[in-house]
Amino acid sequence: MTTQSKYTSHTADENGFVHWSDSENKIWQRLVTQQKTLLKGRACEEYIRGLALLNLPSDRVPQLHEINAVLASTTGWQVVQVPALINFDSFFKLLANKQFPVATFIRNNEDFEYLQEPDVFHEIFGHCPLLTDPAFAHFTHTYGKLGYAASPKERQYLARLYWFTVEFGLVKTAGGLRIYGGGILSSSKETQFALENNDAIRRDMNLLDAIRTPYRIDIIQPIYYVINSMASLFDLANSNIMQLVEEGQRLGLTPATFEPKSNLAG
């Protein structure tokens, strides 16, 4: 994780409130309205339940204490304000303490459809509803504890597991494939592509395969990993993940399904 960003997070006042501008609140309103429509029949039920519990305002960016009141009463998680981007050490330490980082900036109109870095909409709308779910919350907490104790090289492999679960995961349900990854849930283009585009590659979850699969942050994902149920995240969390990380390091990455960014013209 880099600490370079073109955005700057707002600083909360002495009472913990972030003062959002009218234009920023309008962007939040447009994003929420768009995604709520798109996610009908596409997001998993656990996410829909969490969204209802959070009862996010549609006309303004929510304050973090509003989110924390709900998370505290469900899974004991909290959200904490961070700068635009944080390093791996800070990120894993927060998750290990059941604290989810939220950067207090929101994308501008230029980045409305796609943003490479996590803004307040991505973190709160994309991730926080599922932090009310015990299985998702336990998996994320376990991941944080493992990552905080890991070496820098091990963290690179762990990052791929996070990418293909918490960020871009799909789940099987009785009604068909549904989305639980926050990177998809907060993106209009990815929401439709992940489930409905024939070019998308959807693989049953295999932890070793996932941690060996390369990804790029600046494109629609070509590959998604599918878990059998949200409850199966308990099983994933209780797997010997670090042994698989060691095996992944020994075997190395699998061939990429996309052009490396450095090879692209322009």
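**View 1. Helix 4 passes helix 6 in a left-handed crossing.** A crossing is called left-handed if the near helix is turned anticlockwise from the far one by less than a right angle, and right-handed if clockwise. The model is a predicted one, in which local features need pLDDT of at least 70 and side-chain atom pairs count only at pLDDT 80 or more, while totals for chains, interfaces and linings use all residues. Residues are numbered from 1 along each chain as its sequence is written, and side-chain values use heavy atoms, with hydrogens and water left out. Helices (H or I, at least four residues) and strands (E, at least two) are DSSP runs, numbered from the N terminus. The axes of helix 4 and helix 6 come within 7 Å and cross at roughly 135 degrees, which makes helix 4 oblique to helix 6. Axes here are lines fitted to C-alpha atoms, for helices over the stretch in contact, and angles run from 0 to 180 degrees between N-to-C directions; angles under 35 degrees count as roughly parallel, over 145 as roughly antiparallel, 65 to 115 as roughly perpendicular and the rest as oblique. Among the residues in contact (heavy atoms within 4.5 Å) are Phe91, Phe92 and Leu95 of helix 4 and Tyr143, Gly144 and Tyr148 of helix 6. This contact of helix 4 with helix 6 divides into six nonpolar, four polar and three charged residues, where Ala, Val, Leu, Ile, Met, Phe, Trp, Tyr, Cys and Pro count as nonpolar, Asp, Glu, Lys and Arg as charged, and the others, Gly among them, as polar.

**View 2. Helix 6 (residues 134-149) packs with helix 7 at an angle of about 170 degrees, their axes lying 10 Å apart.** That angle makes helix 6 roughly antiparallel to helix 7, and helix 6 passes helix 7 in a left-handed crossing. Phe136, Phe139 and Leu146 are among the helix 6 residues that take part, and the helix 7 residues they meet include Leu158, Leu161 and Val166. By class, the contact of helix 6 with helix 7 holds ten nonpolar residues, three polar and one charged.

**View 3. Helix 1 (residues 22-38) and helix 9 (residues 188-196) pack with their axes 10 Å apart, at an angle of about 15 degrees.** The two, helix 1 and helix 9, are therefore roughly parallel to each other, and the crossing of helix 1 past helix 9 is right-handed. From helix 1, Gln34, Gln35 and Leu38 meet Ser188, Thr191 and Gln192 of helix 9, a contact with one nonpolar, five polar and no charged residues.

**View 4. The largest pocket encloses about 970 Å³ of space.** On a 1 Å grid over the protein atoms alone, a pocket is an open set of points with protein on both sides within 12 Å along at least five of seven lines, whereas a cavity is a set of points where a 1.4 Å probe fits but cannot get out; lining residues have an atom within 4 Å of a point. Grid points are joined across faces, edges and corners, and a volume is the space filled by probe spheres set on the points. Of the 37 residues that line the largest pocket, Gln116, Glu117, Pro118, Trp163 and Ile217 lie nearest its centre. Helix 7 gives the largest share of this lining, six residues, and the lining divides into 20 nonpolar, nine polar and eight charged residues.
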